[in-house]
Amino acid sequence: MTATVCRVATLTCVSDRIRVAVIGASGRMGSEACTAVDAAEDLELVARVGHGNDLGDLGGAQVAVELTVPDASPGHVRHCVERGIHAVVGTTGWDDSRLGALERQLGQAPGVGVLIAPNFAIGAILMMQFAQQAARFYESVEVIELHHPNKLDAPSGTAARTARLIAGARARAGLGEVPDATTHDPDGARGARVDGIPVHAVRLRGLVAHQEVLFGGVGEMLTLRHDSFDRASFMPGVLAGVRGVADHPGLTVGLEHYLGLAGQ
C-alpha cells in the first residue's frame with residue numbers, strides 16, 4: 001500500500017484532493033454542503049459530523065466546514081485550530097468579542113486559516129459590495145432582511161455586515177447620521193440600529209434568505225435586492241472557501257477577500 005503524502009499548509013497532496021469534514025452535517029445547510037463536497041472532483045468528504053457527535057480528528061480532514069448554531073460554533077472552530085485544521089464557517093453570531101478571541105488563538109497557530117462568512121451566495125456578496133459603493137451618495141439608507149421562521153438570530157449576519165460596511169463608507173464620506181425624526185416608538189417599529197443603520201428583520205414561512213438595501217435621496221430611491229430561493233445558491237461560495245482557506249492564514253471575515261472583491 002502506498003501512503004498518501006499531504007502538505008496541509010498548501011492543501012496539496014499526491015491525490016490532489018482536499019480532505020473535508022462537515023460539522024453540522026445533519027442540518028439543512030450541512031446536508032447541502034455534504035452533497036456539494038461529494039460532487040466536487042477535487043474534494044473528498046472524510047467526515048459528516050452531526051449534532052452530539054464527537055469531533056475527534058474529523059476523519060483526518062484538512063478543512064472543516066462549520067455550519068451549526070451560534071452557541072456551539074466557537075468551540076468547534078477552536079477544536080479545529082488546535083489540531084491545525086483550517087475552518088470555513090457559515091454560522092452567524094460571531095461578534096467582536098468572539099472574533100478577538102479567535103484572532104488570539106490563531107496567533108498561536110501559524111499557517112492555519114479561518115474564514116468567517118456572513119453569506120456564501122455570490123450575489124449576496126456582490127450586493128454588499130454594491131451597497132458599500134452606493135452608501136456615500138445617499139443621505140438615507142435602511143436594510144431589510146427576510147428569512148424563514150426557523151432562523152435563530154436577528155438581524156442576520158449578512159444584514160449586520162451590510163450595515164457595518166455602509167456605516168464605514170458613510171463615515172469615510174463625511175456623512176452624518178441617517179435622518180429620522182422619530183421620537184416615539186414604544187414597540188420598536190423602526191427596527192434595530194447596527195452602527196447607526198436601521199435594520200429590519202422579517203421571519204416568514206416559505207422564505208429562505210433574502211435582503212433589500214434601500215437608499216434614498218431627494219426625488220429618488222435605489223433598491224439593491226438579493227434572493228436565495230434554495231440553499232444550493234450558497235454552495236459555490238462554500239467550495240470557494242474550502243479551496244482558498246489555506247492560502248489565507250489567520251482570520252478572514254467575508255468571502256469577498258477570496259474573490260478579489262474587497263475594497264472594490
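**View 1. The contacts around V199 in this predicted model.** Setting aside residues within four places in sequence, V199 touches V143, P155, A159, A163, G191, A192 and V194. V199 itself sits in strand 10, which covers residues 197–203. Is V199 buried or exposed? Its relative accessibility is 3%, so V199 counts as buried, since the cut-off for buried is under 20%. For another way to get your bearings, look at S156: V199 and S156 are 43 residues apart in sequence, yet their C-alpha atoms are 9.6 Å apart in space.

**View 2. Strand 10 next to strand 8.** Strand 8 takes in residues 140–147 and runs parallel to strand 10. How many bridges join strand 8 to strand 10? There are five. One to pick out here involves V143, whose bridge partner in strand 10 is V199. V143 also turns up among the contacts of V199, so the two views can be read together. As a reminder for anyone tracing side chains, those in a regular strand alternate between the two faces of the sheet.

**View 3. The hairpin of strand 9 and strand 10.** Here the pairing is antiparallel, with three bridges between strand 9 (residues 192–194) and strand 10. Which residue of strand 10 is the bridge partner of V194? That's I197. V194 is also in contact with V199, as is A192. Two residues lie between the strands of the hairpin. Have a look at D195 in the turn: its phi is positive, at about 50°.

**View 4. Stepping back to the protein chain.** The chain holds six helices and 13 strands. Its C-alpha trace spans about 75 × 35 × 30 Å along the principal axes. How does the radius of gyration fit in? A compact globule of 264 residues would come in near 18 Å, and the chain has 20 Å, which agrees. Of the 264 residues, 48% count as buried, and V199 is one that counts as buried. Take the contacts between residues at least 6 apart in sequence: 70% of them join residues at least 24 apart.

**View 5. The surface and charges of the protein chain.** About 12,900 Å² of the chain is exposed, and carbon and sulfur atoms supply 51% of that area. As for charges, there are 22 positive and 29 negative side chains. How far apart do the centres of the two sets lie? They lie 2 Å apart.

Definitions and conventions. Residues numbered from 1 in each chain as written. Predicted model: local features only at pLDDT ≥ 70, side-chain atom pairs only at ≥ 80, totals over all residues. Heavy atoms only, no water. Helix = DSSP H or I, 4+ residues; strand = E, 2+ residues; numbered from the N terminus. Buried < 20%, exposed > 50% of the residue type's maximum accessible area, 1.4 Å probe, protein only. Contact = heavy atoms within 4.5 Å. Pairing = 2+ DSSP bridges. Rg over C-alpha atoms; globule rule 2.2 N^0.38 Å. Areas by Shrake-Rupley, 256 points an atom, 1.4 Å probe, with all protein chains shown as cover. Lys, Arg positive; Asp, Glu negative; His and termini not counted. Charge placed at Lys NZ, Arg CZ, Asp CG, Glu CD.
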